[in-house]
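Reader: I have the sequence and the model open side by side. Could you walk me through the terms used for it and show how each one is earned?

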Amino acid sequence: MCRFGVSIMTEFTGGDVYQAEFDPKAFLEYFKFGDTWRDDFLIFILKQYCKTFTSGVVKGDTLIDIGSGPNIHQLLSACESFKEIIASDYTYRNHWELEKWLKNEPGAFDWTPVVEYVCELEGNREKAAEKEAKLRKTIKQVLKCDVHKSNPMDPIVLPPADCLISSLCLEAACKDLNTYRNALKNINSLLKPGGHLVLSGDLGCSFFMVGPKRFSCLVLEEEFLRDVLSETGFIIQEFEVLFRGDDIIDDSSDFSGMYFILARKEEAI
Ligand SMILES: C[S@@+](CC[C@H](N)C(=O)[O-])C[C@H]1O[C@@H](n2cnc3c(N)ncnc32)[C@H](O)[C@@H]1O
């Protein structure tokens, strides 16, 4: 049952639908800071990233972002702690949108307010231009990724990374919990034993709108996430949730909260 009292089933929107109908520009509308209730969720996640990547614990040579979309906000703090970042997504339009920002081309999304906010969190508000330059330099590749493949970057074989980050991707890409379980195993193969997984997304979400198009989302609960991570060989180090207030009326998604997880892959025995 969705929070509006009416349960509307959304037909599963798989990779083909993303390729044909996921409009990066429309999705990026969610990332404009604009005094709406949504800012609270963006602020929540940016603070979690800042805390994680400035802790001095989550660091290394390589970080892979799984299902980046057209976004860079998830990498703004990470680029201070990793030498190389590999972004990835299923759709070519997301690759192009990301490349546009990387090359600083006209028409690229303006991330400045978000970058400034992250710099403020990190104690250097005036360093926004330097932060953008650093992130552009640190993102070395934008790859095609399919979390349903045993090697999600197939045909490219990457050396195992020190860290994986993924936000709102697995629940968007998977039609049921079993598929989610497999997709998590697939992405886990890209991570070194002892490496970190930074996973975030929506709880209790069955759909979200991107412009006029409705995308399905796999409904996730905290208990399932805890179980599937431990089954897959992760030790959860942090599990934070920001719940959505009942007073928020908005029909662009029915999520009940946003989760942030920091987990560590068990060392090989
Ligand atoms: C809701 S967006 C999230 C984007 C971004 N990570 C964020 O936090 O805003 C979901 C992303 O998952 C990608 N995706 C969908 N199916 C996928 C698959 N099978 N493998 C990898 N990525 C997929 C979509 O192209 C889309 O960019």
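Reader: Which residues is Gly67 in contact with, leaving aside its neighbours within four places in sequence?

Author: Gly67 is in contact with Ser88, Asp89, Tyr90, Cys145, Val147, Ser166, Cys169 and Ala173. Two residues are in contact if their C-beta atoms, placed from the backbone, lie within 7 Å. Please keep in mind that this is a predicted model, in which local features need pLDDT of at least 70, side-chain atom pairs count only at pLDDT 80 or more, and totals for chains, interfaces and linings use all residues. Residues are numbered from 1 along each chain as its sequence is written.

Reader: Where does Gly67 lie, and what makes it buried?

Author: Gly67 sits in the loop between strand S1 (60–66) and strand S2 (82–89). Helices (H or I, at least four residues) and strands (E, at least two) are DSSP runs, numbered from the N terminus. A residue is buried if 20 or more other C-beta atoms lie within 10 Å of its own, exposed if 12 or fewer, and partly exposed in between, with C-beta atoms placed from the backbone. Gly67 has 27 other C-beta atoms within 10 Å, so it is buried.

Reader: Why is Val147 called buried?

Author: For Val147 the count is 24 other C-beta atoms within 10 Å, and therefore it is buried. Val147 belongs to the loop between strand S3 (139–144) and strand S4 (161–167). Its contacts, beyond neighbours within four places in sequence, include Gly67, Cys169, Leu170 and Ala173. Gly67 and Val147 are both covered by the UniProt annotation "binding site", from an unreviewed entry. Such annotations may be inferred rather than shown by experiment.

Reader: Which residues are closest to the ligand?

Author: The closest are Gly67, Gly69, Tyr90, Ser167 and Ala173, among 21 residues that surround the ligand. A residue is near a molecule or strand if its C-beta atom, placed from the backbone, lies within 6 Å of it. Helix H1 (15–21) and helix H7 (170–173) are the elements that give two or more residues to this shell.

Reader: What makes Leu168 and Asn104 unusual in their backbones, and are they buried or exposed?

Author: Most residues other than glycine have a negative phi, and most peptide bonds are trans. Leu168 has a positive phi of about 55° although it is not a glycine, and Asn104 likewise has a positive phi of about 55°. Leu168, in the loop between S4 and H7, has 21 C-beta neighbours inside 10 Å and so counts as buried. Asn104 has 10 such neighbours, so it counts as exposed. The peptide bond from Asp154 to Pro155 is cis, with omega near 10°.

Reader: How do you know that H5 is roughly perpendicular to H6?

Author: Helix H5 (residues 112–121) and helix H6 (residues 128–138) pack at an angle of about 105°, with their axes 9 Å apart. Angles under 35 degrees count as roughly parallel, over 145 as roughly antiparallel, 65 to 115 as roughly perpendicular and the rest as oblique. That angle therefore makes H5 roughly perpendicular to H6. Axes are lines fitted to C-alpha atoms, for helices over the stretch in contact, and angles run from 0 to 180 degrees between N-to-C directions.

Reader: Which residues meet there?

Author: Thr112, Val115, Glu116, Val118 and Cys119 in H5 meet Ala128, Lys131 and Glu132 in H6. The buried residues of H5 pack against helix H3 (38–53) and H6.
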